[in-house]
Each structure stands twice: as structure tokens, then as C-alpha cells.
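Biologist: Please take a close look at the charged side-chain pairs of this model. I should like to know how they sit with respect to the surface, and then what surrounds them elsewhere in the chain.

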Amino acid sequence: MVPPIIHQKLSGLRSRERWLRFAWGLSRRLAIVVGVLIACCLADWIIDRYQDTPFQLRQMMLYGQVFLWAVLAVYLVAVTFIRSKRDDELALYVEEQVPSLGHRLISTLQLNRPDAKTQGMSPVLIGQLTKETEGQIAGLNFASLADHRRLNWALQLGLVVVLLAGGIFLFARETAAILLARQFLADREIPRSVELKSDNATAYYPSGEEVVLNFRVKKRSGVDLKRGVDGWLSVYPDDAPRESYPLVYIEPLSTTEARYQAKVKATTVSFNYRAGLRDGRTRQLARANMEPRPSVIRQDAWVQLPRYSGLRPDGQPYELGMPRGDVVGLEKSLARVVIGTQKPVVKATLELLHVAAPAGDAGEGDADADKAKLAKPAEEKLLRPIDMKLAADGLSAEGYFDLRPDENLYRSVVHDQHGFLNLDPPRRTIRIAPQEPPLVALLPERLPVAGKDVTEDDEIEGVPILEDQPFRVAYVASSPYGLGRAVLRYRINDGDWFPLPLREAKSTEATGPFNPKSGAFVNSDVDPQLRGSIGQQVEFHRMPSPDVLRMPPGTDGGGRLDFKTAGLMKLGDKIEFYIEVYDRNPDDVREPGRSETRQKTVVNKEQYFAWQNQVIQQESRIRQLEARQRTVFASATNPEENPKNPNDPTTKPEPPPVVHSFLRSWQIIGPFPNPAGKGFTTPYPPEDELIDLRKDYDGVKGKVRWKVQRSPTDKIDLEKILSHSKAGVAYAVCWFRCDDARGTLLTGSDDGIKVWINRKEVLARKALREAVPGEDKTPVEFKADEWNELLVKVDNRTSTWAFFLELQTTDGKALEGLKVRTLPPGEEDTQFVRNWQLIGPFANNGEAGRDHAFAVEKDKVDLDKEYDGIGGKVRWKLLESESETGRIGLDRFFERPFNEANLAYAVCWVKCDKEREAVLATGSDDGIKVWINRKLKIDANVSRDAEPGKDIQKATLNAGWNEILVKVDNRFGRWAFFFELRDPETERPLEGVEFSTKPPKD
């Protein structure tokens, strides 16, 4: 049995050995843990200099370190406390440390075990060995024999770790603490030598404009913020590659802060961005959302009439519409402005300004000085803002202001929800107009012929007064503020002037309405019961309002009276007279309107008839000449009915058609940017790509596309068309064909201009000038008798913006057979309505039928109903025209005499899939009226040949069936009309419609 003392001393050594091993193992593992922790912190610090350390990476580093700690801890416990040295190993270790023991300790330990193999050995000898061993070890401390160097090593390694960690914390306490916290996934920002913070208050920026981003940079010690110390800005556009921009020093904010700025080029694409300077950067990706600015796309204005002009049925004053929104009215009148925007806005303001023209120092004739003066904007002074009332949808607003003498311009400023305002508020003029007196005109005198109705052909001047007989005075008057009263003033033989107040006459059902062409009621000359009665004496009449909701009554009127001379004048006397008409202004000092003065002489019957015969002879010669001219005209215009006879000396050659050289119809797109005048040389898509009228492009104000424009003048006013008077670039395109292959291109522009014919550049003139017709003359070539593409580019610096373009022959004449279209060749640009129900003819004596509402015009269309027409009863008849030109030939359909005045009606129905806007395009010989669902849309009182598209008017078609009623009057000669429905945006045929010549079922 092993002596207890040996077990005791070996156990002490084992315990001491275990704790020494634990201390040394612990110090080494702590060194590994700290080293890995420092390495992870360093990696986090390095990565964060360039980008945010991915959170997933930080998680992986934390999980890896936790795993390492667990492994090291388990291994330390296992090695220290589970795996201990056996007694034999400890005994041998002690004998190595105490050589005097020889091998007695290990031998005693092994021979005294119960399982020891001691056969053949003396028990006495074993006992003696055991006593000697006990004696030798009695004074030994086995625990002191352990290798205590490991404790020193552990202390030294621990000291190194402590010094390293302490040094890091000593020199970078804040950074080290933050890095350590970040290792445990704390959301802390690593300190840098500079800190960047965005100064941008909004995440929305105007689309299509340069984006300016400001940043506040705070420095630490040892860093200098100054000009030349720049940073970077990384931009990540949506669905586009990354872009880089410089971050530039702007100004100091304090001793430790400075403002930096980056400018991102104009774009319509939203993007993310991050800025950096030295080792600092913004923490998160910021977002810049591009939002189009609001713009005013519609601006209408009205001026309220004075209350003495009358009130509407609802008790409100009447209003006068102002073309284009320019306001003209009496001082203190109230103006109403309604605007429409392309997007909802949160605020709308009318700014009333006083604009003084810029003063110029240059004398006349100084072209450069004149251009500089034109380029200099007028001085504007804001006098007062007027808040407008917004509609519920934010797409329109209404405002009122009174007219004051010092305010001569107003503009509409709108703000959207992001605080963006329209950069180019539309400006409109304000003008205080004096209240002009009424316009008064004496109607022409007419020569009556027995047995014949009086017409315009009977107009003549200087009719004398038959002795003791009255003479007729007829006049018309008008005033936008309403007519008040009328006075006839006369004098005899240069005597004193006498006033004759004119009594007001009211119309009745018997008299019919007032006819301003005769100065009397309609039935005064046609109703036998009224002839010679008071029905002819309409001294003064104020016509009722044609629209009581929109126009005040009594703005137009006139009269006709027979001035009695019996007892007042004798043979040879002369009388002078004129008509005065006052408006409704109650001001006593108001001046009346005055007609021209007319003079007459009293003659006897012989003198009167002699004068009359002379006039009749003169008129007869004139009429004969007109008849011959009409015959020639009829032969020239209708060769089938009036074939030419080359041997007839009276036959004249047909005059060549008059063709306007100026091109007025275009497809126009813009504005595109023109920074520093570089837009002239910058190729935008319209000049790089084939023309696609359906495609959108990025412009100054957002998306732009081609739109049809038909200018009423030779000048193509781009400032008005595009509502843009600042720097910009616009394109115009059309297609033309003619009989020639060469010609002269005449242009004038404000400012520079480029022209391509069939994509070949024929003109490039960079200039700063006003648009003057024909300033540039360029010989050009094109394809004869084929369609040619004509593309124009015009750039603008500021203010007015327009161009002229004219095509002539090489010798300065109009091109033969010139035709122009606004759609590419091959695309149908008209949709004539060819099938109609027609009824007529009706009388048009003296052109009175045009303004007379026949029963057809009043009744609901009934194709089976008959009406009184010329020559008897007439009823609706179907016309299904096969004309390729779309011409509805009323002259052929009704087979009327060539020189007879007529009128007729046409009706059809169109069905729309939804409510939509449409363009009505008509042409007629002669006048035409068009009603859509019995609302008058076109009223052209003209004498002309029928040509398509002469009258253009927008109208709204309801969803479902719509009635189209047309009235065409004719004076003499050919008689026809054209009718089209076009798309208002493209002028292509209106889609989604169906036509019918039968009334729809209710």
C-alpha cells in the first residue's frame, strides 16, 4: 500500500501544476481574443473609410469572435481541469527535480500498489525501501517543485495585452470605444478627421434643372478646410451607371466648420447620392427625387362691366372675356383671372406689377445698342400680391383684382406641395382704357326701284330730298357698356343746330326682331300691315341680349325714321344731320358717340327724276359689266357647265391661284435647354432622330412632344406657343411639295436659326436679333412633285422668340402647286364627313336668310317633315358623296341657278366612345354656321371659295350620339362646303367615332 504521505505530496504538486497551467493558458487565450478583437475593429475602421461596413459583415465578425471565445474557453477547461497528470508522471518529475531520490519515489509508488507484481521480491526489502523514501520526502515540498516560470510568462503576456489595449484607448479613446461598441452591433458612427452633414432641407428637386447639394463640414484638429481642399460626390441614378462630381469648398461657417457644395447636371431621373471629404463621408445614402415644376397651361381673364350696364339673371355683373388673358378695362373695374396648371398646386398668387421700359442711352440707328436694349429686361416692381382661390383638385385657381392706373402687368405664380414655383410665370398686360363713347354709323342710302325688293346692290350716295317729302335716316350703334338714348341733330342752310330726341321703340311678336342692316324690325318691310305704319318708324331701339348669361342687353341697336320736311324746308334748302347716341353711364359729363354728318338738298320732281335716271343708267352699265365678269368667272371656275370658247374675245384666261409663300402650319416641340447659348450647336433628338410625332422628350419644363400649331399670321410666335420667354431651343417641322426642284428659302428669326431640307442642312445662322421676314435668303434644292421634310431649329437667349419662313422660286415668285402638311407623308390628315341629310334651298334675299332662323333650325330633326322652301315644299334628302376631296356640292345637289342666292341645311350624327375634345374644320362657299348639339360653334359670315380647313374651332363631343347641324348660305356662283373632325393634339382623324345619317333612337 502506497504511503499516504506520497499521495498527499503528489496531490499538492498536481494542484499547483493545474493552476499554473490555467494561468498560462488563460493569458495566451486572452491575447488571442484581444488580438482578434483589435483586428476586427481595424477592419471595421478601414472599410468604413470608404463605405458603410455592411451590417452582415459586422454580424459575421461578432459571431466568429463568440465562437472563438467558446472554443478557447472549452479547450482551456478541458486541458486544465479534465486532463491532469498521473502520479507516475508527477513522481518522475519530482525525481528529476530532486536527483538524490534516485528512483526510490517511483519504485515505492509502483511496488506498493495493490496490483503490483512483486513475485520473487522480498517483502522486507520493499518495506525497507518504503521507509527510506518516506524519510527522504518528509522534508520536501513537492508543490514548490512546480515550474513557476509559466506564471511569469502569463503575467508578462497579460501586461503586453493590457498595454496594447490601454495604449489604443489612451490615444484614440473615443474611436476605440465606438469601434468596440460597434463590434457588439451598436449603431455608432466612427469618428473621422472631418464630419459631413447634408444641408439639403428637401428630398425633392425640380426636374430638368441642375441640382445643387450643400453640405456642412466640421473639422478636427490637424485638418485645414480651405479652397482647393475638395471632396467627392457619388450619384447613383435610377437604372443608370454611377456618376461622380466634385465637392467644392464654398465658404467658412466658423473656425471649425465650412460649407461645401456639389452640382449635379440637369436631369429628370431621381437618384441616390453620398458625399465624402478626406476620411469623412455622409453616413447614409441620401435620396434626391426629381419632380416637375408646376406650370400655368391655361390663363383666362374677364373684366366685369359696370352695374349700370345691366345684371345677369343671378344678379351678378356681366363680364367681358379678355383675349389671351390681357386685361383692358375701366379704372376700378374688377378683373377675374382663372388659371389652369398641369399638376396640383397648393398656392396660387396673382402678382400685380408696374413695369417700366428699360432706358436706352444709345441714339437711333445704333443696331448694337438696340439689340442690347432689347436683351435688357424691363424693370419690374411688385405692387401687391393677390391670393387666388384654389379648386378642390388643385388644378385650377381663381382670383380677382381691381384695375389701378399704376399697375400695368400681372403674372400668375403657383407653388406645389414641395415649394416649387413656376420659373417663368405667364405675364399679361393690364391697361386702363378710357370709356369710349358708342360707335355710331349712318346706314347707306338705297335707291328704290318699283316692283323690286331693295338689296345691297341698290346702295347709293347723295339721294336728294323730294320737295315736301320726308327722307329716311337709318343708323346703327354699339357700346360694350350698353346704349342709353339717341338724338338726331340737324341744321338747315348753315343755321343753328337743333336736337331731335329719338323715342325708343320696343320689338313685338308682330314686328319681329331688329335688323341692323336696315335699321328697322324684320317685318317692317315685308309685312303689308306694317308698311307705311309705325312699324317702319324705329327711331331708337336697343337690341336684347343674344345670351342673357354672358352679354348685357342693349349693347347693339340703331333705328330708322322718316324725317318730315313739309313746312320745314323749301326748294333748294340744304340740311345737314348726324346721330348722337349716349351710353348708359349716368355721368352727366359723358360725351356721346357721333355718326358722320350727311347733307341733302331739296329738289322738285323734275330734278329728282333726272337725277334718278342718271343714276339708273350708271348702275345699269355697272351691272352689265359685273354680269360679264361673273360669266367669265363662272366659266373659269366651272368648266363643265360653262366650257371655254377660245374664239370668244370676251373669254379671259383663268388667273393663276394665289399661294401664300409663308408657311404657317407646323408641328412644334420645345423648349429644350440653351445654357450659355450652346443650344444652337447641341443636337437634340429631333435633329438626330427620324421624326416621331408620338414620342416624348425631356425638355426644360419636363416631358415635351410635338404639337400642331397653325399661326394666324406669317410670324410663328414661339414665345406665345411655348409660353416661354427665356433661353431655349425649339424645333418646327412640316412637309411640302411643289412643281419646282429649286427655290429660295427666306427666313427671319429671333435669335439663331438652322434649317434642314430632307435632313440636309441648308442654313445655319447664329445671331442675336429680332425676327424680320426675309432677312436670310438661301438658294435651296428639293424633290419636285414629291413630299419634302422641312425641319427648323430656332434658339432663343431671352425675351421675344419667333421666326418667319417663306419658300419662293429663284426669281422671287410663289412656288407653283405648293402644298404643305403637318403629318408625315403616308399618314391620312383629313377625315371628311361625306354623308349628310340635306334640306333646301331656302331664300337668302339681301343675305337676310343667313341670320334668320328657319323652322329647320328650331325644330328637332324629323326626316319625314316638310318645310316651305324656294319653289315649294322641301324635305330632307340623303347625300352619300363619293368625292375624294370631301367637297359637298350643294350647287349640283339642288341644281340652283348660278347667280341666285340660296341657303341650305345639312345634318348628321356622330357617336363617341367617351367625352372628348375635337377640332371642327370647315370651309364653305359662302358663309357657314355649325351647331354641335344645337350649340353654335362656328359662325363665319364670309364671301369666298370653299377650301378645307378655313375655319378651325375646338368643341366638346359628348359620350354617345352628337348632332351636327350645318347651315351654308350662298350669294351667287358656286355653293359647297367641307367638314372634318380632327384630333386636337395631332390633327389626325378623330378616332373612336361612328357616323350616321339617321337620328339616333332616344
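Modeller: Lys 226 counts as partly exposed, because its relative accessibility is 44%, between the limits of 20% and 50%. This value, like every other one here, belongs to a predicted model. The partner of Lys 226 is Asp 224, and the closest N and O atoms of this salt bridge are 3.8 Å apart, which lies within the 4 Å cut-off. Asp 224 is likewise partly exposed, with a relative accessible area of 39%.

A second pair is formed by Arg 971 and Glu 847, whose side chains meet in a salt bridge with an N to O distance of 3.2 Å. This pair links distant parts of the chain, 124 residues apart: Arg 971 is in the loop between β57 (960-970) and β58 (976-982), while Glu 847 is in the loop between β47 (835-843) and α12 (855-858). Arg 971 is partly exposed at a relative accessible area of 26%, whereas Glu 847, at 17%, is buried. The assignment of Glu 847 follows because buried means under 20%.

In a third pair, Asp 913 and Arg 916 form a salt bridge whose closest N and O atoms are 3.3 Å apart. Here Asp 913 counts as exposed, with 53% relative accessibility, and Arg 916 is buried, with a relative accessible area of 16%. Asp 913 is placed in the exposed class because that class begins over 50%.

Salt bridges also join into a network, which links Asp 48, Asp 52, Arg 192, Arg 274 and Arg 281. The count for the model comes to 65 salt bridges.

Strand β58 offers a further arginine, Arg 982. Arg 982 counts as buried, since its relative accessibility is 6%. Arg 982 and Ala 918 are 64 residues apart in sequence, yet their C-alpha atoms are 5.8 Å apart in space. Ala 918 is also among the residues touched by Leu 981, a list that includes Val 910, Val 919, Leu 920, Leu 957, Ile 964 and Phe 995, with residues up to four places away in sequence not counted.

Leu 981 leads to the nonpolar interior. The largest nonpolar core has 29 residues, and those touching the most other members are Trp 836, Val 930, Ile 964, Val 966, Phe 977, Phe 979 and Leu 981. Strand β52 (residues 902-912) gives the most to this core, with 5 residues. A second, separate core has 27 residues, including Ala 730, Val 755, Phe 803 and Leu 818.

An arginine also appears in a strand pairing: Arg 489 stands opposite Pro 499 in β26. Strands β25 (residues 483-492) and β26 (residues 498-502) pair in the antiparallel sense over 5 bridges. The two strands form a hairpin with 5 residues between them, and Asn 493 in the turn has a positive phi of about 50 degrees.

Finally, a nonpolar part of the surface may be set beside the charged pairs. Leu 164, Ile 168, Phe 169, Leu 180 and Phe 184 make a nonpolar surface patch of about 410 Å². Helix α6 (residues 149-171) supplies the largest share of this patch, 3 residues. Phe 184 is placed in the loop between α7 (173-183) and β1 (194-198). Phe 184 is partly exposed, with a relative accessible area of 48%, and therefore passes the 30% threshold for patch residues.

Methods:
Residues numbered from 1 in each chain as written. Predicted model: local features only at pLDDT ≥ 70, side-chain atom pairs only at ≥ 80, totals over all residues. Heavy atoms only, no water. Patch = residues over 30% accessible without salt bridge, like charges linked within 9 Å, V, L, I, M, F, W, Y side chains within 5 Å. Areas by Shrake-Rupley, 256 points an atom, 1.4 Å probe, with all protein chains shown as cover. Helix = DSSP H or I, 4+ residues; strand = E, 2+ residues; numbered from the N terminus. Buried < 20%, exposed > 50% of the residue type's maximum accessible area, 1.4 Å probe, protein only. Pairing = 2+ DSSP bridges. Core = buried A, V, L, I, M, F, W, Y, C linked by side-chain atoms within 4.5 Å. Contact = heavy atoms within 4.5 Å.
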